[in-house]
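Please open the model in your viewer and keep the sequence panel beside it, since each stop on this tour begins with something to select. The stops can be taken slowly, one selection at a time.

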Amino acid sequence: MDPAVFLIALSIVVGIPAFTVLKIARLRAARLASPAADVTERLEGLEQDVQGLQQELAETQERLDFAERLLSKAREERRLGS
């Protein structure tokens, strides 16, 4: 599988559910006048988890970009050297 396709699929698989969870959690929190402490903790935990996943995805995309640049540079050098 092409790494770019994998990353796009990964971002869709992780991003959409994470966005949905956050959206639902925010709607529920807005409906409740004073949410329970454990609900607030869990929501904050989920938000931190999502932020961590987003950061990991961004780092992975940067690494992929770097690897693609190295590969294309090596291919170009081999093509010019031949």
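Select alanine 58 to begin, and you will find that alanine 58 lies in helix α2. In this model, which is a predicted one, alanine 58 has a relative accessible area of 32% and is therefore partly exposed, because partly exposed covers the range between the 20% limit for buried and the 50% limit for exposed. Now add arginine 31 to the selection and draw a distance between the two C-alpha atoms: alanine 58 and arginine 31 are 27 residues apart along the chain, and their C-alpha atoms are separated by 33 Å.

Next, move to isoleucine 8, which is found in helix α1, a helix that takes in residues 3-31. Is isoleucine 8 buried or exposed? With a relative accessibility of 51%, isoleucine 8 counts as exposed, because the exposed class begins over 50%. Keep isoleucine 8 selected and add Ile12 and Ile16, since Ile8, Ile12 and Ile16 make a nonpolar surface patch of about 290 Å². Then add glutamine 61 and compare sequence with space: isoleucine 8 and glutamine 61 are 53 residues apart along the chain, while their C-alpha atoms are separated by 9.6 Å.

From there, turn to the largest pocket, and select Ala25, Arg28, Val39, Leu43 and Leu46, which of its 11 lining residues lie nearest its centre. The space in this pocket comes to about 280 Å³. Which helices supply its lining? Both α1 and α2, the latter running over residues 37-81, each contribute at least two residues to the lining of the largest pocket. If you colour that lining by residue class, you should find eight nonpolar residues, one polar residue and two charged residues.

Stay for a moment with one of these residues, leucine 46, whose place is in helix α2. Leucine 46 has a relative accessible area of 37% and is thus partly exposed. Draw a C-alpha to C-alpha distance from leucine 46 to glutamate 76, and you will have a pair that is 30 residues apart in sequence and 44 Å apart in space.

The second largest pocket comes next, and a good way to reach its middle is to select Ala18, Leu22, Val50, Gln51 and Gln54, which lie nearest the centre among the 13 residues that line it. About 160 Å³ of space lies in this pocket. Here too α1 and α2 each supply at least two residues of the lining, and α1 gives the most, with seven residues. By residue class, the lining of the second largest pocket divides into seven nonpolar, four polar and two charged residues.

Now return to glutamate 76 and add arginine 79, because this pair meets the rule for a salt bridge, in which a side-chain nitrogen of Lys or Arg comes within 4 Å of a carboxyl oxygen of Asp or Glu. The closest N and O atoms of arginine 79 and glutamate 76 are 2.5 Å apart, and the count of salt bridges by this rule comes to one. How are the two residues placed along their helix? They are three residues apart in helix α2, so about one helical turn separates arginine 79 from glutamate 76. The two partners can also be set side by side for accessibility: arginine 79, at 57% relative accessibility, counts as exposed, whereas glutamate 76, at 33%, counts as partly exposed.

For the last stop, select leucine 80, which is also found in helix α2. Leucine 80 has a relative accessibility of 64% and so counts as exposed. Finally, bring back alanine 18, one of the residues nearest the centre of the second largest pocket, and draw the distance to leucine 80: the two residues are 62 residues apart along the chain, and their C-alpha atoms are separated by 46 Å.

Definitions and conventions: Residues are numbered from 1 along each chain as its sequence is written. This is a predicted model: local features need pLDDT of at least 70, side-chain atom pairs count only at pLDDT 80 or more; totals for chains, interfaces and linings use all residues. Side-chain values use heavy atoms; hydrogens and water are left out. Patches are made of residues with over 30% relative accessible area and no salt bridge: like charges are joined within 9 Å, nonpolar side chains (Val, Leu, Ile, Met, Phe, Trp, Tyr) within 5 Å. Accessible areas come from the Shrake-Rupley method with a 1.4 Å probe; for residues, only the protein chains shown count as cover. Helices (H or I, at least four residues) and strands (E, at least two) are DSSP runs, numbered from the N terminus. Buried means under 20% relative accessible area, exposed over 50%, partly exposed in between (1.4 Å probe, protein chains only). On a 1 Å grid over the protein atoms alone, a cavity is a set of points where a 1.4 Å probe fits but cannot get out, and a pocket is an open set with protein on both sides within 12 Å along at least five of seven lines; lining residues have an atom within 4 Å of a point. Grid points are joined across faces, edges and corners, and a volume is the space filled by probe spheres set on the points. Ala, Val, Leu, Ile, Met, Phe, Trp, Tyr, Cys and Pro count as nonpolar, Asp, Glu, Lys and Arg as charged, and the others, Gly among them, as polar.
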